[in-house]
Amino acid sequence: MKSKKSLKQIIGTSWGQKITILVILMVIMAIFERQFFLPSNWTSILRAISIFGIMACGMFFVVLIGGLDLSVASTAALSATIVTLSVVDSGYAPGSFMRGFIIAMAACVALGLVHAFLVTRFKMPSFVVTLASKYAIYGVAMIVSDASYIYILDNTNFLYNMGNSKFLSLPVPVVIFIVIAIICALILNFTTFGRRLYAVGGNPMASELVGIKSKLNTKIAFVLSSVMAGIGGIILASMNTVAGTGTAAGYEGNVLMAMIVGGINLAGGEGSIIDAVYGALLVGIINNVQILIGIPSDYQDFVRGAIILAALSLNVYTYRRTHGLIQPKASRKKSGTEAVAE
């Protein structure tokens, strides 16, 4: 009985639920689609999640302070377009990638600062600001690309190899994702800036009273989100050997889904990079499973939406229970009995 109780307690925790979900998915795929376990399939999953995983690591900084960045996909498209155009127009000349990369990162920093300025100066909701800028950024990307796609035709240059080569038997995009996730985790767990972000997200007014500059931290968070989105876009363009306004289209949905299924509190102040990485992994598996079992593309968005709603409901329930906002059944019965007795 004791072991059953302890197992129930483990499953009732946040990570217990996450592991249970993964185990259930694995069992289902072992029964119905064994191609899921092929190394080539897992390579495809890891390559896919490396893109929105990098974006999720960046957006997590914004989510941590209670915000959202819905412009990550358009920022990725603009960044990819700038770098690819720089490389292709130069005839794949040495140094063209670095020149384009510097320009793209400068643009990403500027976008992050604009978002933070509008949020902090005019107290505008971050999701409204970034939703509006999403379309403006797509417009800039269309102007830069002359409303056409730019193809990477030379497979010997650095831009091509970034997304299509391997390092220690792992695809380079996966290695970059792992490095970025580790750096972000170190920043959040072992720096003053990381602790201040948690404080700002947990209680902005209290953090201001103790001298934490929430505006500065908000600026850095939005800049990091835009920069990570830009890096993800460049890698995606390299993997697909093409860049344009369609690069990373719809990826903001995958990133947001990774936040939610990862169990991250969108109100801010809670969560970790590990949660974001888990969320990205789970989203990648879910997308892959839908393809393997043959769910029509018309229904895949419906499935994703249903999963988001289910995960969000589970997150809210877990949060309310762990914070004592939901009274156990035994306590409710006892309280009801005491009330009747009185």
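**From an exposed loop residue to a helix crossing**

Lys123 has a relative accessible area of 65% and is therefore exposed, since that value is over 50%. In this predicted model, Lys123 belongs to the loop that runs between H5 and helix H6, the latter spanning residues 126-145. The backbone of Lys123 also deserves attention, for its phi is near 55°, which is a positive value in a residue other than glycine.

A similar description can be given at the other end of H6. Ala147 sits in the loop between H6 and strand E1, where E1 covers residues 150-151, and its phi is near 55°, again a positive value in a residue that is not glycine. With a relative accessibility of 58%, Ala147 counts as exposed, because the cut-off for that class is over 50%. Following the chain past E1, one comes to Thr156, which is placed in the loop between E1 and helix H7 (158-164). Thr156 is likewise exposed, because its relative accessible area is 60%. The position of Thr156 can also be related to Tyr92: the two residues are 64 residues apart along the chain, and their C-alpha atoms are separated by 9.2 Å.

These loops belong to a chain that holds 15 helices and four strands. Of its 342 residues, 44% are buried. Among the contacts with a separation of 6 or more, 75% are accounted for by residues 24 or more positions apart.

Ser74 offers a view of the buried part of the chain. This residue lies in helix H4, which comprises residues 72-89, and it counts as buried because its relative accessibility is 0%, which is under 20%. When residues up to four places away in sequence are left out of the count, Ser74 touches Lys134, Ile137 and Tyr138. Ser74 is also 8.9 Å from Gly233, C-alpha to C-alpha, although the two are 159 residues apart in sequence.

An open region of the model is found at the second largest pocket, whose volume is about 300 Å³. Its lining consists of 16 residues, and those nearest the centre of the pocket are Val119, Thr120, Pro204, Ser214 and Thr218. Two or more lining residues are given by each of helix H5 (96-121), helix H10 (204-209) and helix H11 (214-240). Of these contributions, the largest share is that of H11, with four residues. Sorted by class, the lining of this pocket contains seven nonpolar, six polar and three charged residues.

The last stop is a pair of packed helices. Such a pair is described by the angle between the two axes and by the distance between them. For helix H3 (residues 39-64) and helix H12 (residues 251-261), the angle is about 65° and the axes are 9 Å apart. The crossing of H3 and H12 is right-handed. On the H3 side, the residues that meet H12 are Ile51, Phe52, Met55, Ala56, Met59, Phe60 and Val63, while H12 brings Tyr251, Asn254, Val255, Ala258 and Met259 to the contact. By class, this contact of H3 with H12 has eleven nonpolar residues and one polar residue, with no charged residues.

Methods
Residues numbered from 1 in each chain as written. Predicted model: local features only at pLDDT ≥ 70, side-chain atom pairs only at ≥ 80, totals over all residues. Heavy atoms only, no water. Axes fitted to C-alpha atoms, helices over the stretch in contact; angles between N-to-C directions. Left-handed = near helix turned anticlockwise from the far one by under 90°. Contact = heavy atoms within 4.5 Å. Nonpolar A, V, L, I, M, F, W, Y, C, P; charged D, E, K, R; others polar. 1 Å grid on protein atoms, 1.4 Å probe; cavity = no way out; pocket = protein on both sides within 12 Å on 5 of 7 lines; lining within 4 Å. Points joined across faces, edges and corners; volume = space filled by probe spheres on them. Buried < 20%, exposed > 50% of the residue type's maximum accessible area, 1.4 Å probe, protein only.
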